[in-house]
Amino acid sequence: MYVAHLSVTDFRSWPSVELPLDPGVTALVGPNGQGKTNLVEAVGYVATLGSHRVPTDAALVRHGTSRAVVRTRVVREIDPGQPRASLLEVEVTPGRANRARINGGSPGRAREVLGILRSVLFAPEDLALVKGDPDGRRRFLDELSVQLTPRLAGTVTDYERVLRQRSALLKSAAAASRSSRAAPDLRTLDVWDAKLAAVGAQLVVARRRLVRALQPLAAHAYEQVSSGQGALVLEYRASVDAALEDGPDGRGPRDAAGAGPVDDPPGQGDDARGLDPVLVEGRLLEAMARLRGKEVERGVSLVGPHRDDLVLTLGGLPAKGYASHGESWSVALALRLASWRLLSGPGSVHREGVPVPDDEEGWVFDDRPDGEPVLVLDDVFAELDARRRARLAALVAPARQVLITAAVAEDVPAPLVGARVDVRDGTVTRAGA
Ligand SMILES: Nc1ncnc2c1ncn2[C@@H]1O[C@H](COP(=O)(O)OP(=O)(O)OP(=O)(O)O)[C@@H](O)[C@H]1O
């Protein structure tokens with residue numbers, strides 16, 4: 001698929017702009033601060049309903065205005081030679097529910113656009129995937145899961161809501177016990193435990209399946225960009241496993257029903273228990289029951305997908321804290337390349353030679369053979385050394401559509417020379433136009 005037209009109104013620094021685009025490579029070139037990233041951020045927003053730079057929408061709306069609109073015309077060739085265009089329009093109004101319109105229809109929930117335009121964006125901020133806190137890695141997994149299975153967007157929001165409510169209840173219980181005020185009725189907590197376990201289990205399983213599928217693609221991509229210095233391993237580390245690691249009697253892990261120690265160690269993303277939502281739900285309930293006293297004392301939810309992490313190791317050592325700056329870049333890049341290849345679908349040429357677990361049921365590849373996401377490389381070439389630049393350029397040159405931002409044209413490596421758009425002084429001009 002590719003974006004044939006981008007149009008924004010009051011998005012970031014842009015009062016209004018119209019940008020026609022072609023498949024293949026387009027470089028947006030212009031001095032710092034001219035709004036190049038703002039344009040590719042708009043493309044990413046329509047794909048994911050999120051920004052790679054800010055966690056909330058307020059900064060996306062042009063200063064002094066109250067509503068931004070992003071429109072994209074997305075072309076997909078579902079049957080060879082028969083392109084089909086979809087017009088997607090998303091209205092961003094901070095403090096209110098965002099709205100979306102598809103093909104000029106009546107406005108609906110923003111979530112309805114998810115899954116139509118797919119994009120994978122690689123930017124300097126991605127270094128935080130390796131060096132930063134677990135929440136960035138969790139967001140990475142959830143955003144990718146939602147692109148594969150758009151209905152998970154509802155699961156993610158439900159989970160956040162349940163967690164907020166449950167944590168508020170725990171907090172007031174903790175405050176009451178400290179001030180010897182009347183404690184809230186903890187029977188309500190049972191209800192929230194059940195909700196958190198049910199929704200949380202869906203998230204944990206979705207993330208584990210994703211990590212399992214990403215592993216071979218990420219390891220392969222890492223080898224390609226780094227010339228094979230140590231293997232990259234991804235492991236989903238669930239807080240529920242850590243919570244149940246020691247049975248109350250110290251005899252080791254117990255099964256979901258609390259029936260006693262089991263043989264296989266927890267934390268293995270691949271075991272049947274980790275991928276079965278019913279079993280994960282049971283384990284979450286058991287962990288919450290076990291941690292009840294601590295949770296009430298501290299006033300926080302100690303177990304669930306909000307406490308999980310994606311652990312990245314390189315040659316057996318955790319990438320966070322051990323990997324060099326260049327290695328960390330390569331790991332971040334490998335994660336994005338792997339995402340792009342995974343979203344491209346099982347039949348994609350970009351996946352050739354890399355076996356992915358045969359477990360993609362329920363993931364949406366309905367737009368094959370043209371499901372390849374738009375690849376966005378925001379300001380990355382200036383950050384990479386010459387060798388990594390050349391490797392990355394060779395890997396992405398055959399992509400259906402690549403949007404690149406760069407301060408100077410010389411930063412864009414030769415294999416990626418394509419269309420060029422100059423961005424400066426509030427205007428966009430196609431070079432040669
Ligand atoms: N909500 C907003 N309202 C108005 N202006 C904004 C808003 N958000 C960002 N800007 C402005 O947009 C500009 C930054 O745009 P952007 O990040 O796209 O630049 P860029 O061309 O990619 O630059 P660089 O090459 O330095 O990465 C800044 O001048 C900033 O003040």
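Biologist: Where is Arg12 found in this fold?

Modeller: Arg12 is in the loop between strand 1 and strand 2 (14-20). Keep in mind that this is a predicted model.

Biologist: What sort of phi does Arg12 have, positive or negative?

Modeller: Start with the general idea. Most residues other than glycine have a negative phi. Now the case here. Arg12 is not a glycine, yet its phi is positive, at about 50°.

Biologist: Is Arg12 buried, partly exposed or exposed?

Modeller: Count the C-beta neighbours. A residue needs 20 or more other C-beta atoms within 10 Å to be buried. Arg12 has 19 inside 10 Å, so it counts as partly exposed.

Biologist: Which other residue has a positive phi although it is not a glycine?

Modeller: Asp379 does, with a phi of about 60°. Its place is in the loop between strand 12 (374-378) and helix 11 (386-396). Asp379 is partly exposed, because 19 other C-beta atoms lie within 10 Å.

Biologist: Let's go back to Arg12. Which residue in the loop between strand 3 and helix 1 has Arg12 among its contacts?

Modeller: That is Gly35. The loop runs between strand 3 (24-29) and helix 1 (36-48). Leave aside the neighbours within four places in sequence. Gly35 is then in contact with Arg12, Ser13, Trp14 and Val423.

Biologist: How far apart are Gly35 and Val423?

Modeller: Read two distances, one along the chain and one in space. Gly35 and Val423 are 388 residues apart along the chain. Their C-alpha atoms are separated by 7.2 Å. Gly35 is also buried, with 23 other C-beta atoms within 10 Å.

Biologist: How do the two distances read for Arg73 and Arg187?

Modeller: Arg73 and Arg187 are 114 residues apart along the chain, and 51 Å separates their C-alpha atoms. Arg73 lies in strand 4 (residues 68-79). With 17 other C-beta atoms within 10 Å, Arg73 is partly exposed. Beyond four places in sequence, Arg73 is in contact with Ala4, His5, Ala85 and Leu87.

Biologist: What does the whole chain show about contacts?

Modeller: Take contacts between residues at least 6 apart in sequence. Of these, 70% join residues at least 24 apart. The chain has 433 residues, and buried residues make up 42% of them. Its elements are 11 helices and 15 strands.

Biologist: How do I read two packed helices?

Modeller: Two packed helices are described by the angle between their axes and the distance between the axes. Try helix 5 (residues 187-226) and helix 10 (residues 325-343). They pack at an angle of about 130°, and their axes are 8 Å apart. That angle makes helix 5 oblique to helix 10. The crossing of these two helices is right-handed.

Biologist: What classes of residue make the contact of helix 5 with helix 10?

Modeller: The contact has 14 nonpolar, 2 polar and 2 charged residues. Helix 5 contributes residues including Leu214, Leu217 and Tyr222, and helix 10 contributes residues including Val331, Leu335 and Arg341.

Biologist: At what angle does helix 5 pack with helix 8?

Modeller: Helix 5 and helix 8 (residues 277-298) pack at about 135°, with axes 8 Å apart. Helix 5 is therefore oblique to helix 8. This crossing is right-handed. Among the residues in contact are Asp193, Leu196 and Val204 of helix 5, and Pro277, Leu284 and Met288 of helix 8. By class, the contact divides into 11 nonpolar, 2 polar and 2 charged residues.

Biologist: Is Ala206 of helix 5 buried or exposed?

Modeller: Ala206 is buried, with 25 C-beta neighbours inside 10 Å. Beyond four places in sequence, Ala206 is in contact with Ser145, Thr149 and Leu152. Ala206 and Val303 are 97 residues apart in sequence and 17 Å apart in space, C-alpha to C-alpha.

Biologist: Where does pLDDT stay under 50?

Modeller: Here is the general rule. Where pLDDT is low, the predicted coordinates should not be read in detail. In this model, pLDDT stays under 50 over residues 247-270. The model has 41 contacts beyond four places in sequence for that stretch.

Biologist: Which elements have the lowest and highest mean pLDDT?

Modeller: Helix 7 (residues 272-275) has the lowest, at 72, and strand 1 (residues 2-11) has the highest, at 98. For the chain, the mean pLDDT is 87, and 87% of residues reach 70 or more. The model scores ipTM 0.97 and pTM 0.88.

Note on methods:
Residues numbered from 1 in each chain as written. Predicted model: local features only at pLDDT ≥ 70, side-chain atom pairs only at ≥ 80, totals over all residues. Helix = DSSP H or I, 4+ residues; strand = E, 2+ residues; numbered from the N terminus. Buried ≥ 20, exposed ≤ 12 C-beta atoms within 10 Å, placed from the backbone. Contact = placed C-beta atoms within 7 Å. pLDDT = per-residue confidence, 0-100. Axes fitted to C-alpha atoms, helices over the stretch in contact; angles between N-to-C directions. Parallel < 35°, antiparallel > 145°, perpendicular 65-115°, else oblique. Left-handed = near helix turned anticlockwise from the far one by under 90°. Nonpolar A, V, L, I, M, F, W, Y, C, P; charged D, E, K, R; others polar.
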